[in-house]
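Could you walk me through this protein as if I were seeing it for the very first time? I'd like to start with the overall picture and then go into a few spots.

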Amino acid sequence: MKTEPTRVAALLLTAGLGLAATAGWSAESLQDVMKRRGLSQQDLLAASKTYVPTGKRDEFVAFSSGGQSGQIIVYGIPSMRILKYLAVFTPEPWQGYGYDEESKKVLAGGKIDGKDITWGDTHHPAISETNGKYDGQFLFINDKANPRLAVVDLRDFETKQIVVNPIMKSEHGGAFVSPDTEYVMEAAQYAAPLENRKFQPLEEFNQKYRGAVTYWKFDRKEGLLRPEQSFSFEMPPYSQDLSDFGKGPSDGWAFTNSFCSERYVGGIEKGRPPYEAGCSAKDTDYLHVMNWKKAAEMVKSGKGFKVINGHKVIPMDVAVKEGLLFLIPEPKSPHGVDVTPDGKYMIVSGKLDTHVSVYSFDKVMAAIKAGKFESKDPYGIPVIGMKDALHTQVALGLGPLHTQYDSKKCVAYTSLYVDSQVAKWNYCEGKVLDKISIHYNIGHLMTMEGDSSDPKGHYLVALNKLAIDRFNPVGPLHPQNHQLIDISNDKMQLLYDMPVPLGEPHYVVAIDANKLKPAVRYKVGTNSRTDKPHPGAVRAGEEKTVRKGNKVEVFGTLIRSHITPETIEVQQGDEVTIYLTNLERAEDETHGFTVSTYNVHASIEPGKTVSVKFKADKEGVYPYYCTEFCSALHLEMQGYLLVKPKGWKPTKATLAAQAYTEADYKATLKKIADTQAVIDSVVGFITSVNYKDFPDVVALVEDATDQLNRTKDAKARHEAAAAKKNWEQANLWAEQVFQYQVKAADIGLRAKTYLEQHGAKKAK
Ligand code: RUQ
Ligand code: CUA
């Protein structure tokens, strides 16, 4: 496709006339639309609460677990528009995750016993906190199936680290952060021997199988978890589950649920009752109460732990002796234990009990201080009486599962799985305030910043396990249904159903959008996964190919609309590494890169340097190209990898003959002059108004100027070639000048439209 100057000029005209042209048409009235689409007043009210007009942004940004996809889904609230899938535990081609060398290193951190694990089961995301409030800097998420934890940096929404839990075989009760994110907690799910690759018979379950809760030390400055400074509590084999950190008055303590304190081991095939019966036989399970601050100090001082698989573990007897670990009975088979924003209470709901139980932190502390325990569990851990710890219990309905908080004092929301409802209630006074039905079978629920010490209210999202009949059918495997509920008034109002098209999301966290300030570009030559300068980075004009033995290293660059180099010649059997730096400074000017059939791909955002590596094991010709539609001449952003067979000798080399005449050259020069006139008029408009007051426009102007500056070199080249009457070279370099002009004009028009739409005023 060619961009003619006349088209650019036509664009200019329409940019000015667009509004006037549509004003005369008669539109459908609101009543017409309601009638035609069968919408009620209530529907319109709901729609007006979720609709975000074009160009406007959402108030909150949600990070949803992507379940079996091993990813994170980012969406806006209240529009429920999906913004991005973040690659975390599984290869993701768009982002080059698992297809470029830098991200492969991150994924390699998640290898278990030397093997790649290419899938993950993400459950519970957590946003980093400062003083108990979301700070928008980092995001953590667990992999339940393969006990791992990942760190996402919210400066660029990229995964930077994956760590494998050294002593667990599954992990569900994470991720949770301490109020200042010094530690990230995860609790095991299914008990197993803590020693790696060690068999123990199920008959010795009570003696040899163990649960655990791990505290990963987080180094905020480097944005990395520090395994050598992390530690775990050895726990009874009770199937530990969700957890939470204390805050405010309960800071320093942490809480973890369990759902099979029966220590049942199943055996349906041997005629024994199944797990579901054995694990719910007793009326209560145990809430684990840990003094993590004291434990961390003890471990720091080099005492009180043993080393298992290279990891520091506090044995149960030490935890008991040092007063670090206590149990409290809790209604059976709970999921969440959720500390209230003021840190005074811990709310637990047993899925098989109709109550939510509100435990008082003060009462728990008083019992511990007084040494008032009702018993000890089989491992010698003191058990605090339920009555001595409870503030109140409230009957909410069937299958209470998870609780989140409102900005209004004492107001909580609890999901009711069996009833398919959300209950709004007051935990200080212990009374139900409102209930709303959802569709269907809600698991977790989530309010805005609703698990922090500063919940924001406004909205609640019901994370429904089943969608059944809510959407257009797409086969037996259904999407999940996230339902948006308005909680700003006394009565809850259901606003919107969003099908979630990727895995089974379990938990979501949502943050005030103003707290997120992600970058739009990297410093040129950055390895985004380490945030350090990339040794493979080069600047324009420094591109080169280096051969050492059979290792070939290509140091290349990308900028609209060419890849340098445009041919890579290697011998069959060579090991090829291609480093690529995106030289763009403009927002959203990402280039992609792939080489045909070599299974490599990279996404190279402005400033980033990445590398792809492969063995050129097949003789042949392999096109490479940019995979992002980055510019009008994106298709031309191409090159050839030539893999020559061993012993190949060049014969007579003839490049495709291209005949151009002086007339062609002159015509191109005319085109350049016409385009320059268009550019001058756009520049005239921009500089006639207060464009400097608009940072977005200033960035566009910088980008356009950058493109225009590039014409100087090409102009010198076409003039030099013309002087030698080499009309082919002269014409092609003149065409290159035109290409830079077109890009500059394109950007200029975007700036002009922006200024017109944002009410720019005449410059003084
Ligand atoms: S969960 S609802 Cu892992 Cu908390 Cu599935
Ligand atoms: Cu760069 Cu397409």
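Here's a tour that begins with the whole chain, then visits a helix, a buried arginine and some empty spaces.

Before anything else, keep in mind that this is a predicted model. The protein chain has 764 residues, and 54% of them are buried. Its secondary structure adds up to 14 helices and 44 strands, and the C-alpha trace spans about 100 × 75 × 50 Å along its principal axes. How do the contacts run along the sequence? Take those between residues at least 6 apart: 63% of them join residues at least 24 apart.

Now let's pick out one helix, α9, which covers residues 361-370. Its buried residues are F361, V364, A367 and I368. Looking down the axis of α9, you'd find these buried residues within an arc of 125°, so they line one face of the helix. A bit of background helps here: an α-helix has 3.6 residues a turn, so residues three or four places apart point the same way. Turn to the other side of α9 and you meet D362, K369 and A370, which are exposed.

What do the buried residues of α9 pack against? Their partners are the strands β13 (253-258), β14 (284-291), β17 (325-331), β19 (345-350) and β20 (355-360), along with the helix α10 (386-389). The ends of α9 are worth a look too. At the N-terminal end, S360 acts as a cap, with a side-chain oxygen 3.3 Å from the backbone nitrogen of D362. Just past the helix, G371 takes a positive phi of about 65°.

Next stop: an arginine, R148, which sits in strand β6 (residues 148-153). Is R148 buried or exposed? With a relative accessible area of 1%, R148 is buried, because the cut-off for that word is under 20%. As for what the side chain of R148 reaches, that's the backbone oxygen of W119, at 3.0 Å.

Let's move on to the empty spaces. There are 4 cavities of 30 Å³ or more, and the largest has a volume of about 190 Å³. It is lined by 23 residues, and those closest to its centre are E129, F176, V177, D244 and D451. Several strands, namely β4 (126-130), β8 (176-177), β12 (240-245), β18 (334-339) and β24 (400-405), each supply at least two residues of this lining. By class, the lining of the largest cavity splits into 13 nonpolar, 5 polar and 5 charged residues.

The second largest cavity holds about 50 Å³ of space. Among the residues lining it are A467, I468, R470 and F471, as well as P473 and H478. Its lining has 6 nonpolar, 3 polar and 1 charged residues.

Finally, there's the largest pocket, with about 2200 Å³ of space. The pocket is lined by 47 residues, and R57, P518, A519, V520 and E587 are the closest to its centre. The elements that give two or more residues to this lining are β3 (82-87), α12 (695-709) and α14 (727-757). Which element gives the most to the lining of the largest pocket? That would be α12, with 7 residues. Sorted by class, the lining of the largest pocket has 17 nonpolar, 8 polar and 22 charged residues.

Technical notes:
Residues numbered from 1 in each chain as written. Chains lettered and ligands numbered in written order. Predicted model: local features only at pLDDT ≥ 70, side-chain atom pairs only at ≥ 80, totals over all residues. Heavy atoms only, no water. Buried < 20%, exposed > 50% of the residue type's maximum accessible area, 1.4 Å probe, protein only. Helix = DSSP H or I, 4+ residues; strand = E, 2+ residues; numbered from the N terminus. Arc of directions from axis to C-beta. Contact = heavy atoms within 4.5 Å. Polar contact = N/O pair within 3.5 Å; in protein donor to acceptor, adjacent residues only side chain to side chain. 1 Å grid on protein atoms, 1.4 Å probe; cavity = no way out; pocket = protein on both sides within 12 Å on 5 of 7 lines; lining within 4 Å. Points joined across faces, edges and corners; volume = space filled by probe spheres on them. Nonpolar A, V, L, I, M, F, W, Y, C, P; charged D, E, K, R; others polar.
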